[in-house]
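Hi everyone, thanks for coming. Let's walk through one structure together, piece by piece, and please follow along on your own screens.

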Amino acid sequence: GSDAAKMSDEELRRTITNGVAGAGMPPFASLGDKQITAVMAYVRDLQGKAENVPMPGSPSRGEQLFFGSAGCSSCHMAAGQGGFIASDLTGYGTGRPPGEIHRAITNPSSDDNQRDKQATVRLSDGQSFTGIVRSEDNFSIAIQSREGKFLLLQKSQVSDISYNHETFMPKDYGTRLSTQQLDDLVSFLMQVQRKIDPSASQQKTKRNWEEPD
């Protein structure tokens with residue numbers, strides 16, 4: 001089939017209007033000019049979310065921020081390096097427009113993908129543990145601490161469990177980082193998938209299951 005990204009607006013309009021004989025695409029002339037224009041805008045928008053979107057900043061400076069002063073790697077992994085407590089961001093920026101990535105950094109509470117159910121578990125002996133809930137049934141609850149340690153707690157030992165859906169992610173990146181730094185961080189997330197070594201993506205999360213003393 002034809003590559004819409006290489007078509008001029010006139011060629012794209014003609015393709016949508018007349019269809020593509022032999023390719024299974026029917027003509028859409030019946031939509032009318034206004035709706036065809038809307039379909040064209042949508043197709044162009046989809047292309048804008050592809051990998052050839054211009055990056056707003058420097059991915060190399062963004063990488064230094066991610067693994068350095070911004071502290072992202074304390075919770076997130078990228079290209080096989082970083083923390084385990086939050087989602088792996090290796091492929092997060094691929095196909096996403098810069099504005100969406102920027103919003104996820106500066107307003108993490110609005111991004112449902114960044115939120116995990118957290119719990120503070122208090123045991124009968126007074127010990128207390130807080131972390132992300134990784135599994136739970138009628139008999140046990142497994143949580144992962146910010147440091148990445150897994151704890152398997154038996155509910156027979158539990159006196160109380162309190163839950164919340166807040167994110168560990170800092171909410172002050174919009175003020176703590178400059179506009180340039182945010183652009184650099186966004187750029188790193190947009191390109192990290194392209195530079196990853198295939199073996200790095202196979203890195204397994206190390207899970208040390210422990211039971212409290």
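Let's begin with a cysteine. Cys 75 is buried, with a relative accessible area of 10%. A quick reminder before we go on: what you are looking at is a predicted model. Now, why is Cys 75 not bonded to another cysteine? The closest cysteine sulfur belongs to Cys 72, and at 9.1 Å from the sulfur of Cys 75 it is too far for a bond. For a disulfide, the two sulfur atoms would have to be within 2.5 Å. Cys 72 counts as buried too, at 10% relative accessibility. In total, the structure holds zero disulfides.

Next, please find strand β5, residues 140–144. How many of its five residues are buried? The count is five of the five, so the strand is largely enclosed by the rest of the structure. You can check this face by face. Ser 140, Ala 142 and Gln 144 sit on one side, Ile 141 and Ile 143 on the other, and both faces are covered.

What does β5 pair with? One partner is strand β4, residues 128–136, which pairs with β5 in the antiparallel sense over four bridges. If you look for Glu 136, you will find it opposite Ile 141 in β5. These two strands form a hairpin, with three residues between them.

Another partner is strand β6, residues 150–154, which runs antiparallel to β5 and is joined to it by five bridges. Here Gln 144 has Phe 150 of β6 as its bridge partner. This hairpin has five residues between the strands, and in it Gly 148 takes a positive phi near 100°.

While we are on strands, have a look at Gln 118, which lies in strand β3, residues 118–123. Is Gln 118 buried or exposed? With a relative accessibility of 6%, Gln 118 counts as buried, since the cut-off for buried is under 20%. Leaving aside neighbours within four places in sequence, Gln 118 is in contact with several residues, including Gly 131, Ile 132 and Val 133, as well as Tyr 163 and Phe 168.

Now over to the helices. In helix α3, residues 59–67, the buried residues include Gly 62, Leu 65 and Phe 66. Looking down the axis of α3, you would see its buried residues fall within an arc of 100°, so they line one face of the helix. There is a handy rule behind this kind of picture: an α-helix has 3.6 residues a turn, so residues three or four places apart point the same way.

That brings us to the largest nonpolar core, which has 21 residues. Which of them touch the most other members? They are Phe 66, Ile 101, Ile 105, Tyr 173, Leu 185 and Leu 189. The elements that give two or more residues to this core are α3, α4 (98–106) and α6 (179–195). Helix α6 provides the largest share, with seven residues. There is also a second, separate core of ten residues, and among them are Ala 119, Ile 141, Leu 151 and Val 158.

Let's zoom in on Ile 105 from the largest core. Not counting residues up to four places away in sequence, Ile 105 touches Met 169, Pro 170, Tyr 173, Leu 182, Leu 185, Val 186 and Leu 189.

Last stop: the aromatic rings. The structure holds three aromatic pairs. In one of them, Phe 66 and Phe 67 meet edge-to-face, at 4.9 Å centre to centre and with 70° between the planes. Phe 66 counts as buried at 0% relative accessibility, whereas Phe 67 counts as partly exposed at 29%. Phe 67 also forms an edge-to-face pair with Phe 188, at 6.1 Å centre to centre and again with 70° between the planes. Phe 67 belongs to α3 and Phe 188 to α6, so this pair ties together parts that are 121 residues apart in sequence. Phe 188 itself is buried, at 1% relative accessibility.

So here is a last thing to find on your screens: ring pairs link Phe 66, Phe 67 and Phe 188 into a cluster. Thanks for listening, and do ask me anything!

Conventions:
Residues numbered from 1 in each chain as written. Predicted model: local features only at pLDDT ≥ 70, side-chain atom pairs only at ≥ 80, totals over all residues. Heavy atoms only, no water. Buried < 20%, exposed > 50% of the residue type's maximum accessible area, 1.4 Å probe, protein only. Pairing = 2+ DSSP bridges. Arc of directions from axis to C-beta. Core = buried A, V, L, I, M, F, W, Y, C linked by side-chain atoms within 4.5 Å. Contact = heavy atoms within 4.5 Å. Phe/Tyr/Trp six-rings, centres within 6.5 Å; stacked < 30°, edge-to-face > 60°.
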